[in-house]
Every structure is written in structure tokens, then in C-alpha cells.
Amino acid sequence: MSCAMKIHRIPPGDIVARALMARRAHKSARRPAAAMRGFWGRTRTRALAYAMKMKGAPRPASMLYPVEIFWSFVGSLIGMGLLSWCNHVLFGRTDNLLLMGTFGASAMLLFGAPAVPFAQPRNVLGGHVISALVGVAVFKLFPDLPSLAAALSVSLAIAAMHATATLHPPGGGTALVMVTSGPAMTDLGFYAALFPTATGAAILVAVALVTNNLSRRRRYPAAWW
């Protein structure tokens, strides 16, 4: 009984001090092992975390509606057909200037995935025009450094689209076209942002407004601004 009484009479401050001492002793005992793991352990963990990002996730199941394939085909056929007609008949050009490859990519978004943010009018028009302006500006600054101009035009166009909330993946290609297409495009200077860039993008958006809304499953645009 007297023993029990002695235990309970230990001052609370001593109990806390003993606990802190035990904790420090435990930490000091583990420190050498932790130091050995240190740099290499952190490096290994970060490397594994980086590699896991590439693993991906299971692809969600999606319903395939034949009618969607039909409207995507019809819309893209009319859109690209109208661009071709305008290029050769309306504007009388033989250089296919209005048939930039990036418009094919825009058609895929406008008619194949009209609900995604990248396919909305603000993104299509703004992304192409801003990227064209960036591409022309870079070409004028570095006319004798084509490799630098090509890389810089795309990266600056992406940054500009980010900053203006007009991200449109084909826009990066438009910036590159302004630098690499030769005299037929580069001689236009900043006018290339108006024709063929803004003109072609506007034609595709106009066709998308008509054809996408003919389908009961589609509504375009999801937002104008």
C-alpha cells in the first residue's frame, strides 16, 4: 500500500519531464537510420510517385450512338466542304490558304465533341486568332531562326490562350503554320489573323451552329462566352 502511495505522489512535472526524456531518447536512437535513408529514400519515393502518374486510370465506359457518328460526319463534311468552296470559288485562290490543317483539327472538336469546352465559339475563334497573332509576331522577331521561331510560337500561343481563357488545341498548330508555311502565309503579316484564320474559324463555327442543333442529342454552343 505504501508503495502505491509513493507512485501516486510523484509530482506531475516529473512525469512530464520523464516522458519528454524518453521521447528524445527514442528519436535519437532512430536518427542514424533515418539519416541513412534521407536523400535516397526521398528520391526513391518521388521517383515512384512520378512513375505512378503514368499508370493512368481505367477508361470509363461510354455509350456509342450511331446517330452521333452520322451527325459528326455530316457536320464535318459540310464545314470542310464550305471552306474548300470559299477558298476556290468565292476567293478564287489556288494555294489552299483557307484549308489550313488546323481547321481539320477544329472540325474534329466542333462536330465530334461539340460539348467540350475547347469546342465553344470563344475558344475556337479566340484560340485561332490569338495564336495566329503570336505566330506572326514571333516570325517577324526571328525570321532567320526558324527552329527557335517554331518552338517559341507554339509555347507562347499556349501561354496566351491560357491567359485569355481561349484554350483551343488546334491553336498551337495555327501558330506553327504562321511560321512554317512559307511566303504564301508569311507575306500576309498580321492580316493572316483575319484571313485565313478568323475567316475559316468563323465559317466552321457557323456550320456547327446549324448542323449540331439538328440532332436531338446535341446542343451547341454550351456557352458563348
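**Exercise 1. Length of helix H3**

Task: In this predicted model, what span should the 25 residues of H3 have at 1.5 Å a residue, and how far apart are its end C-alpha atoms?

Solution.
- Step 1. Helix H3 covers residues 66-90.
- Step 2. The expected span is 1.5 Å times one less than the number of residues. For the 25 residues of H3 that gives 36 Å.
- Step 3. The end C-alpha atoms of H3 lie 34 Å apart, which agrees with the expected span.

**Exercise 2. Packing of H3 on H9**

Task: At what angle do the axes of H3 and H9 cross, and within what distance do they come?

Solution.
- Step 1. Two packed helices are described by the angle between their axes and the distance between the axes.
- Step 2. The axes of H3 and H9 (residues 194-212) come within 9 Å. They cross at roughly 145°.
- Step 3. The crossing of H3 and H9 is right-handed.
- Step 4. On the H3 side, the contact residues are Trp71, Gly75, Ile78, Gly79, Met80, Leu82, Leu83 and Cys86. They meet Gly200, Ile203, Leu204, Val207 and Thr211 of H9.
- Step 5. Sort the H3–H9 contact by class: 9 residues are nonpolar, 4 are polar and none is charged.

**Exercise 3. The buried residues of H3**

Task: Which residues of H3 are buried, and what covers them?

Solution.
- Step 1. Buried means under 20% relative accessible area.
- Step 2. In H3, Trp71, Ser72, Val74, Gly75, Gly79, Leu83, Cys86 and Asn87 are buried.
- Step 3. An α-helix has 3.6 residues a turn, so residues three or four places apart point the same way.
- Step 4. The cover over the buried residues of H3 includes helix H4 (101-112) and H9.
- Step 5. Gly75 is on the buried list of H3, and Gly75 also takes part in the contact with H9.

**Exercise 4. Aromatic pairs**

Task: How many aromatic pairs does a search of the whole structure find? What is the geometry of the pair Phe70 and Trp71, and of the pair Phe91 and Phe195?

Solution.
- Step 1. The search finds 2 aromatic pairs.
- Step 2. The ring centres of Phe70 and Trp71 are 5.1 Å apart, with the planes at 70°, so this pair is edge-to-face. The cut-off for that class is over 60 degrees.
- Step 3. Phe70 is partly exposed, at 44% relative accessible area. Trp71 is buried, at 15%.
- Step 4. The rings of Phe91 and Phe195 have centres 4.9 Å apart and planes at 65°, so the pair is edge-to-face.
- Step 5. This pair links distant parts of the chain. Phe91 sits in the loop between H3 and H4, and Phe195 in helix H9, 104 residues apart.
- Step 6. Phe91 is partly exposed, with a relative accessible area of 38%. Phe195 is buried, at 18%.

**Exercise 5. Backbone checks**

Task: Which peptide bonds are cis at Pro196 and Pro221, and where do Asn96 and Ala165 lie?

Solution.
- Step 1. Most residues other than glycine have a negative phi, and most peptide bonds are trans.
- Step 2. The bond from Phe195 to Pro196 is cis, with omega near 15°. Pro196 is in helix H9.
- Step 3. The bond joining Tyr220 and Pro221 is cis, with omega about 5°. Pro221 lies in the segment after H9.
- Step 4. Gly92, just after H3, has a positive phi of about 60°.
- Step 5. Asn96 is not a glycine, yet its phi is positive, about 55°. Asn96 lies in the loop between H3 and H4 and is partly exposed at 37% relative accessibility.
- Step 6. Ala165 is not a glycine either, and its phi is positive, about 55°. Ala165 lies in the loop between H6 and H7 and is partly exposed at 48%.

**Exercise 6. Two loop residues**

Task: Is Thr166 buried or exposed, and what does it touch? Where is Pro143?

Solution.
- Step 1. Thr166 is in the loop between helix H6 (146-163) and helix H7 (170-180).
- Step 2. Its relative accessibility is 5%, so Thr166 counts as buried.
- Step 3. Leaving out residues up to four places away in sequence, Thr166 touches Arg122, Asn123, Gly126, Gly127, Ile130 and Met161.
- Step 4. Pro143 is in the loop between helix H5 (121-141) and H6. Pro143 is partly exposed, at 45% relative accessible area.
- Step 5. The C-alpha atoms of Pro143 and Val179 are separated by 8.6 Å, with the two residues 36 apart along the chain.

Terms used
Residues are numbered from 1 along each chain as its sequence is written. This is a predicted model: local features need pLDDT of at least 70, side-chain atom pairs count only at pLDDT 80 or more; totals for chains, interfaces and linings use all residues. Side-chain values use heavy atoms; hydrogens and water are left out. Axes are lines fitted to C-alpha atoms, for helices over the stretch in contact, and angles run from 0 to 180 degrees between N-to-C directions. Helices (H or I, at least four residues) and strands (E, at least two) are DSSP runs, numbered from the N terminus. A crossing is left-handed if the near helix is turned anticlockwise from the far one by less than a right angle, and right-handed if clockwise. Contact means heavy atoms within 4.5 Å. Ala, Val, Leu, Ile, Met, Phe, Trp, Tyr, Cys and Pro count as nonpolar, Asp, Glu, Lys and Arg as charged, and the others, Gly among them, as polar. Buried means under 20% relative accessible area, exposed over 50%, partly exposed in between (1.4 Å probe, protein chains only). Rings of Phe, Tyr and Trp (its six-membered ring) pair if their centres lie within 6.5 Å; planes under 30 degrees apart count as stacked, over 60 as edge-to-face and the rest as tilted.
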